[in-house]
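Colleague: I have a model open and a list of labels for it. Take me through what earns each label, please.

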Amino acid sequence: MRVLGVDCGSRSTGFGVIESDGRSYQVLDYGAIRPARSHNFAERLLHIQVELDKLVERYQPNSIAVEQVFQALNVKSAMQLSQVRGIVLLTAARAHLPVREYSALTVKSSVVGYGRAEKHQVQGMVQRLLA
């Protein structure tokens, strides 16, 4: 099974492509989609969509994983994140791919063993797990 995981952001949308046979995992690609800051928001969304389409075409994932919507204190940031998330869902629908949604708490618990882990803890564990 091959999965494209996406961490939504309007300035930087992270991605990772992994493949698993159920026992072991292999990283095929990872990085970030970073639209030019000089672009307006609509142009940034388009850039993210085009780059996600390229990843889907190149790696032919079986599904896309994305973070569930969460409540944020900053309404503007939450709205922008939701719109980027919409681009991810649109990309999946256009490619006829199922979407698996995970809460940040679930991901952190699965990876680190603690749902309130900090980013650097998750990053370190992912590096260890995926070599």
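Modeller: Start with one pair of residues. V3 has S63 in β4 as its bridge partner. Keep in mind that the model is predicted.

Colleague: What makes β1 and β4 a pair?

Modeller: Two strands count as paired if there are at least two bridges between them. β1 and β4 (residues 63–67) have four bridges, in the parallel sense. That meets the cut-off, so they pair. L4 stands opposite I64 in β4.

Colleague: How do you know that β4 also pairs with β5?

Modeller: The test is again at least two bridges. β4 and β5 (residues 99–102) are joined by four, and they run parallel. A65 stands opposite R100 in β5. E67 has Y102 as its bridge partner there.

Colleague: What makes β1 and β2 a hairpin?

Modeller: β1 (residues 2–7) and β2 (residues 13–20) pair in the antiparallel sense, over six bridges. Five residues lie between them. V6 is matched with F15 in β2.

Colleague: Why is the pairing of the whole sheet called mixed?

Modeller: The five strands are ordered β3-β2-β1-β4-β5 in an open sheet. β1 with β2 is antiparallel. β1 with β4 is parallel. Both senses occur, and the pairing is mixed.

Colleague: What makes a strand an edge strand here?

Modeller: An edge strand pairs on one side only, as β3 (25–33) and β5 do.

Colleague: Why is β4 described as largely enclosed by the rest of the structure?

Modeller: Buried means under 20% relative accessible area. Four of the five residues of β4 are buried, so the strand is largely enclosed. Look at I64 in β4. I64 touches residues including L4, V6, V56, V88 and A92. L97, P98, V99 and R100 are also among its contacts.

Colleague: What lies across the sheet strands?

Modeller: α1 lies across β1, β2, β3 and β4, at about 160° to β3. α2 lies across β1, β2, β4 and β5, at about 165° to β4.

Colleague: How do you know that α1 and α2 meet?

Modeller: Contact needs heavy atoms within 4.5 Å. On the α1 side, F41, L45, I48, Q49, L52, D53 and V56 take part. On the α2 side, the partners are Q80, Q83, V84, I87, V88, T91 and R94. These contact residues split into eight nonpolar, four polar and two charged.

Colleague: At what angle do α1 and α2 pack?

Modeller: α1 (residues 41–59) and α2 (residues 75–94) pack at about 35°, with axes 10 Å apart.

Colleague: Why is the crossing of α1 and α2 called right-handed?

Modeller: A crossing is right-handed if the near helix is turned clockwise from the far one by less than a right angle. The crossing of α1 and α2 is right-handed, so the near helix is the one turned clockwise.

Colleague: What makes a set of residues a nonpolar core, and which residues have the most contacts inside the largest one?

Modeller: The members must be buried and joined through side-chain atoms within 4.5 Å. The largest such core has 20 residues. L4, V6, L52, L55, I64 and V88 have the most contacts inside it. Two or more residues come from each of β1, β2, α1, β4 and α2. α1 gives the most, with seven.

Methods
Residues are numbered from 1 along each chain as its sequence is written. This is a predicted model: local features need pLDDT of at least 70, side-chain atom pairs count only at pLDDT 80 or more; totals for chains, interfaces and linings use all residues. Side-chain values use heavy atoms; hydrogens and water are left out. Axes are lines fitted to C-alpha atoms, for helices over the stretch in contact, and angles run from 0 to 180 degrees between N-to-C directions. Ala, Val, Leu, Ile, Met, Phe, Trp, Tyr, Cys and Pro count as nonpolar, Asp, Glu, Lys and Arg as charged, and the others, Gly among them, as polar. Buried means under 20% relative accessible area, exposed over 50%, partly exposed in between (1.4 Å probe, protein chains only). Lists of a residue's contacts leave out its neighbours within four places in sequence.
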